[in-house]
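Visitor: I am new to this structure and would like to learn how to read it. Could you walk me through a few features, one at a time?

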2 protein chains.
Amino acid sequence: MTRVRIDLNISLDGFASGAPTSENPMGEDWERLTAAYVATRTFRERVFGDTSGAGSTGIDDSYAAAYFEGVGAEIMGAGMFGFHSFPDDPDWQGWWGDEPPFGIPVYVLTHTAPRPPMPMQGGTTFHFRSTAITDVLAEAIDSAGTLDVRVGGGVGTAREFLRAGLVDDLHVAIAPILLGRGGRLWEDLRGLDLTHQVRTEVAESGTTHVTFTR
Amino acid sequence: MTRVRIDLNISLDGFASGAPTSENPMGEDWERLTAAYVATRTFRERVFGDTSGAGSTGIDDSYAAAYFEGVGAEIMGAGMFGFHSFPDDPDWQGWWGDEPPFGIPVYVLTHTAPRPPMPMQGGTTFHFRSTAITDVLAEAIDSAGTLDVRVGGGVGTAREFLRAGLVDDLHVAIAPILLGRGGRLWEDLRGLDLTHQVRTEVAESGTTHVTFTR
């Protein structure tokens, strides 16, 4: 049965992104937030196409492998797609390039006039929706078939789904760093530990993996 | 050589206290924040006087034992002493009772007119200081001799010492709960991981212990 999943990299002080700019939409702290994840064998293989077997193979890698398994549709906010970066350019097609790494239907939440679907190389099709998140989720679940739906981000979108009680599995990889700025995950999420089971383990890299499961 | 230490119990979303009231100065979430700590054999013995050997004996207990070792003077904020709770009662002597659990000199930071020293049963003497935190710290270090100085809290006082670069050892015990309110530890502490070494481990209780050491 389809589950609704969120995976985020955050800092110890709870920031999921750092000070984004138009040159660097993920923010300049992104590399430090994701260093342990990017160093895994799975990430190197799946994202960089590195089949040499290089990369870390411990606890971080087991979470990375789980990340890439079983997702049939993705939902993302307008900022993660890239709408906010060049708002005056009607030809701007977002940050994800000609061949986005999803390979599945991606539902982009937007408050601007909907665009027609945008099929890309590699199996990704972007769908733009300005309806309620519950409606978008129902559509994503439908198109995911037996697979899961991931709410990919950004952090504001993730929090919106979490607060609405729509998320079955949240995995946060907490880097042992303090950023002091950026988008906070932990706002108004009091009690998520009461509706979900919480499990924590520390990877060899010092990253703490916390999962909330219901 | 004297080290300056802070130990705090915080939630996963970074709150070190929850919604304090005049009836419950620690806030109603305090019990959940400190449950794993209070359950340790060391805490039961040292605070409750329970010498039966009951209580947890794993990772949480090893941090609890370290907590009680080697502190020669303590610094606390006015709120932790209790000044803010009954500001109009000149006879109010704070939350700590006739025999406070410190047994050492305790320096209380206050912006109100200094009181004379207040010696209590059990070896605690409260000293009230309205000078700069660096001056109070120098005095506390002096009176600690070869032992350490603890900045006991509250969280605002802890953050003030951390931001000023005055803390050698920070230990946070992170309970796997989300409170969504209270006093935040992680404000404006960007880069503490660059001046200190960070170590993380998860206790049997699900509490994550993170230490910053320089």
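Visitor: What is the sign of phi at A:Gly145, the residue that follows H5(A)?

Guide: This is a predicted model, and in it the phi of A:Gly145, just after H5(A), is positive, near 65°.

Visitor: How does the expected span of helix H5 of chain A fit with the distance between its end C-alpha atoms?

Guide: The idea is to allow 1.5 Å a residue and see what length follows. Helix H5 of chain A has twelve residues, 133-144, so it should span 16 Å. Its end C-alpha atoms are 16 Å apart, which agrees.

Visitor: Which residues of H5(A) are buried?

Guide: For this we ask which residues have under 20% relative accessible area. In H5(A) they are A:Ile133, A:Val136, A:Leu137, A:Ala140 and A:Ala144. Now look down the axis of H5(A): these buried residues fall within an arc of 100°, so they line one face of the helix.

Visitor: What do the buried residues of H5(A) pack against?

Guide: Their partners in chain A include five strands to find by number: S1 (4-11), S3 (71-76), S4 (105-109), S6 (125-129) and S7 (148-153). Helix H6 (155-163) of chain A is a partner as well.

Visitor: Let us turn to salt bridges. How many does the structure hold over all chains?

Guide: There are 29. Take the one between A:Asp29 and A:Arg181, whose closest N and O atoms are 3.6 Å apart. This pair links distant parts of the chain, 152 residues apart. A:Asp29 lies in the loop between strand S2 (15-17) and helix H1 (30-38), while A:Arg181 lies in the loop between strand S8 (169-175) and strand S9 (183-184), both loops being in chain A.

Visitor: Are A:Asp29 and A:Arg181 buried or partly exposed?

Guide: A:Asp29 has 3% relative accessibility, so it counts as buried. A:Arg181, at 30%, counts as partly exposed.

Visitor: Which chains does the salt bridge of B:Glu187 and A:Arg184 cross between?

Guide: The pair goes from chain B to chain A: B:Glu187 is in the loop between strand S9 (183-184) and helix H7 (192-195) of chain B, and A:Arg184 is in strand S9 of chain A. Their side chains meet at 3.1 Å, N to O. B:Glu187 counts as partly exposed because its relative accessibility is 27%, whereas A:Arg184, at 12%, counts as buried.

Visitor: Which residues are linked with these two in a network of salt bridges?

Guide: A:Glu187 and B:Arg184 join A:Arg184 and B:Glu187 in that network.

Terms used
Residues numbered from 1 in each chain as written. Chains lettered and ligands numbered in written order. Predicted model: local features only at pLDDT ≥ 70, side-chain atom pairs only at ≥ 80, totals over all residues. Heavy atoms only, no water. Helix = DSSP H or I, 4+ residues; strand = E, 2+ residues; numbered from the N terminus. Expected span 1.5 Å × (residues − 1). Buried < 20%, exposed > 50% of the residue type's maximum accessible area, 1.4 Å probe, protein only. Arc of directions from axis to C-beta. Contact = heavy atoms within 4.5 Å. Salt bridge = Lys/Arg side-chain N within 4 Å of Asp/Glu carboxyl O.
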